[in-house]
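User: Hi! I have a protein model open and would like to walk through it with you. Could you help me read it?

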Amino acid sequence: HHPSPFTYGSILKGLCKGGHLDEARKFLKKLHAIPSAVDTVVYNTILSETCKSGNLQETVVLLDEMVESNVLPDTHTYSSLLAGLCRKGKMVAAILLFGKVMENGILSPNPIMYTCLIDGLFKIGQSKAALYLFEEMENKGLYSDTIALNVMMGGYSRMGKMMKANDLFSTMGSRRLCPNLATYN
């Protein structure tokens, strides 16, 4: 059997998680010489891990390289970028990126994108903006999952608004969502 992009993605992920980003980049360059070895999955793997490491400049370089290689970003690509920006507290950049994706109709937004932004906004004390995005998500028919509701409950809990957190907890039951450990924490 020949390796697939998922196999290569797993190797890249392991290299990145082990702190070997340079080796991962060299491996990615070698993959370009193998027909059908590099696709969106491979790039998303290395982009996601690079974002998690907090190296946003390297992430932008990888995104540029991805597009130059005729590999189109997808929802996962943008979700990873948004998560990385939010993790680093770069909320303005995250919101601008989200707006650009929405404005150009590049992709349809998904609950993961919204959840990243909502979490980031709560963490910088922008609860009204977080609530606005939560309501926008729901109004677009992108109903929140357990993770999104956990983010909202966590945000309200940190603000001391336990009644709002409790209302969201009740929403979980009415939507038949299963609370998890994060919900109870």
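User: Thanks for joining me. Is V61 buried, partly exposed or exposed?

Analyst: Happy to help, and please keep in mind that this is a predicted model. V61 sits in helix α4, which covers residues 56–68. Buried would need under 20% relative accessible area and exposed would need over 50%. V61 has 40% relative accessibility, so V61 counts as partly exposed.

User: How far apart in space are V61 and L47, C-alpha to C-alpha?

Analyst: Let's start with the chain, where V61 and L47 are 14 residues apart in sequence. In space, the C-alpha to C-alpha distance between V61 and L47 is 9.6 Å.

User: Let's stay in that helix. Is E65 buried or exposed?

Analyst: E65 also belongs to helix α4. The cut-off for buried is under 20% relative accessible area. E65 has a relative accessible area of 14%, so E65 is buried.

User: Which residues is E65 in contact with, leaving aside its neighbours within four places in sequence?

Analyst: A contact here means heavy atoms within 4.5 Å. One partner can be checked from the other side, as L28 touches E65 along with residues including V42 and I46. Once neighbours within four places are left aside, the contacts of E65 are R25, L28, K29, H32 and Y43.

User: What separation is there between the C-alpha atoms of E65 and H1?

Analyst: Along the chain, E65 and H1 are 64 residues apart. Between their C-alpha atoms, the separation is 29 Å.

User: Could we step back to the overall fold? How many helices and strands are there in the protein?

Analyst: Reading along the sequence gives the pattern α-α-α-α-α-α-α-α-α-α-α. The C-alpha atoms fill a box of roughly 55 × 35 × 30 Å along the principal axes. The count for the protein is 11 helices and 0 strands.

User: What percentage of the residues is buried?

Analyst: The protein has 185 residues to consider. Its accessible surface comes to about 10,500 Å², and 57% of that belongs to carbon and sulfur atoms. Buried residues make up 44%.

User: Which helix gives the most to the largest nonpolar core?

Analyst: In soluble globular proteins, nonpolar side chains tend to be buried together. Here the largest nonpolar core has 51 residues, and those with the most contacts inside it are L28, I46, L117 and I118. With 7 residues, the helix that gives the most to this core is α7, residues 111–123.

User: Is I112, in that helix, buried or exposed?

Analyst: I112 is found in helix α7. Exposed means over 50% relative accessible area. I112 has 52% relative accessibility, so I112 counts as exposed.

User: Now for the loops. Which loop residue has a positive phi near 60 degrees and is found between α2 and α3?

Analyst: The loop in question runs between α2 (21–31) and α3 (40–52). Its residue with a phi near 60 degrees is other than glycine. This residue is exposed, at 68% relative accessibility, and its name is S36.

User: And where does N70 lie?

Analyst: N70 has a positive phi of about 60 degrees although it is not a glycine. At 71% relative accessibility, N70 counts as exposed. N70 lies in the loop between α4 and α5 (75–87).

User: Let's finish with the largest pocket. Which elements give two or more residues to its lining?

Analyst: About 210 Å³ of space lies in the largest pocket. Its lining includes N150, M153, F169 and T183. The elements that give two or more residues to this lining are α9 (146–158), α10 (162–174) and α11 (181–184).

User: How many charged residues does that lining have?

Analyst: Sorted by class, the lining of the largest pocket has 5 nonpolar and 6 polar residues. The number of charged residues in this lining is none.

User: One last residue: is N150 buried or exposed?

Analyst: N150 lies in helix α9 and is one of the residues lining the largest pocket. Leaving aside neighbours within four places in sequence, N150 is in contact with M172, N180, A182 and T183. Its relative accessible area is 13%, so N150 is buried.

Note on methods. Residues are numbered from 1 along each chain as its sequence is written. This is a predicted model: local features need pLDDT of at least 70, side-chain atom pairs count only at pLDDT 80 or more; totals for chains, interfaces and linings use all residues. Side-chain values use heavy atoms; hydrogens and water are left out. On a 1 Å grid over the protein atoms alone, a cavity is a set of points where a 1.4 Å probe fits but cannot get out, and a pocket is an open set with protein on both sides within 12 Å along at least five of seven lines; lining residues have an atom within 4 Å of a point. Grid points are joined across faces, edges and corners, and a volume is the space filled by probe spheres set on the points. Helices (H or I, at least four residues) and strands (E, at least two) are DSSP runs, numbered from the N terminus. Ala, Val, Leu, Ile, Met, Phe, Trp, Tyr, Cys and Pro count as nonpolar, Asp, Glu, Lys and Arg as charged, and the others, Gly among them, as polar. Buried means under 20% relative accessible area, exposed over 50%, partly exposed in between (1.4 Å probe, protein chains only). Accessible areas come from the Shrake-Rupley method with a 1.4 Å probe; for residues, only the protein chains shown count as cover. A nonpolar core is a set of buried Ala, Val, Leu, Ile, Met, Phe, Trp, Tyr and Cys residues joined through side-chain atoms within 4.5 Å.
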